[in-house]
Amino acid sequence: MSLRHRLHWWYWLPGLVLIGFGLFFLLHAQGFSMGSPRRIGPGFFPTGISWLLIVLGAAVVGESLLLRDARPELRFRPLVMVVAAILIWALALERLGLYPATFLLVLVSGLSERGFRLWPSLGLALGLSVMSHAVFVYGLRLPFQPFAW
């Protein structure tokens with residue numbers, strides 16, 4: 001494929017969107033204190049995520065110059081299912097607890113692919129639930145209940 005074909009908007013636009021979001025949030029995070037390594041401030045996390053978005057966006061733009069396909073395939077099912085899974089997790093976390101919310105997150109987002117298999121997804125959901133509990137409750141000391149019923 002020629003360079004002219006690789007420069008179509010559908011290749012590099014997603015990367016530019018990521019870079020734009022990163023720059024937008026980076027500018028807004030400048031009003032917050034970064035703090036120190038021992039006591040991070042409110043600007044530390046947004047600044048880090050902003051730089052991550054900028055780097056990922058640059059990687060997407062760079063990769064777009066190496067693509068060989070004529071046009072990327074746009075599939076709506078994964079988009080809808082992953083967004084639905086995140087919303088379900090956010091709504092279920094307080095009502096059901098961390099374990100059921102994480103199970104729902106993994107199972108609903110797994111439905112986005114055509115080759116969904118229940119048993120591997122259940123194993124992944126269990127592993128991620130335990131790991132989430134270890135990271136968020138024990139590591140970060142966030143007040144998440146494993147089960148809220």
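## Ser121 in helix H6

Ser121 is buried in this predicted model, since its relative accessible area of 11% falls under the 20% cut-off. Its place is in helix H6, which runs over residues 118-139. Once you skip its neighbours within four places in sequence, Ser121 is in contact with Val106, Leu107 and Phe116.

## Helix H4 and what follows

Helix H4 covers residues 76-96. Does its length agree or disagree with the expected span? The 21 residues, at 1.5 Å a residue, should span 30 Å, and the end C-alpha atoms of H4 sit 28 Å apart, so the two agree.

Pro78, Ala85, Ala92 and Leu93 are the buried residues of H4, and H5 is part of what covers them. Just after H4 comes Gly97, with a positive phi of about 110°.

## The nonpolar core

Which residues make up the largest nonpolar core? There are five: Ala92, Leu93, Leu98, Ala101 and Val137. At least two of this core's residues come from H4, and at least two from H5.

Leu93 is a good one to click on: not counting residues up to four places away in sequence, Leu93 touches Leu98, Ala101 and Phe144.

## How far to trust it

The protein has a mean pLDDT of 88, with 89% of its residues at 70 or more. Among its elements, helix H5 (residues 98-110) has the highest mean pLDDT, at 96, and helix H1 (residues 3-6) the lowest, at 54. Where pLDDT is low, predicted coordinates shouldn't be read in detail.

Note on methods
Residues are numbered from 1 along each chain as its sequence is written. This is a predicted model: local features need pLDDT of at least 70, side-chain atom pairs count only at pLDDT 80 or more; totals for chains, interfaces and linings use all residues. Side-chain values use heavy atoms; hydrogens and water are left out. Helices (H or I, at least four residues) and strands (E, at least two) are DSSP runs, numbered from the N terminus. Buried means under 20% relative accessible area, exposed over 50%, partly exposed in between (1.4 Å probe, protein chains only). Contact means heavy atoms within 4.5 Å. pLDDT is the predictor's confidence in each residue, from 0 to 100. The expected span of a helix is 1.5 Å times one less than its number of residues. A nonpolar core is a set of buried Ala, Val, Leu, Ile, Met, Phe, Trp, Tyr and Cys residues joined through side-chain atoms within 4.5 Å.
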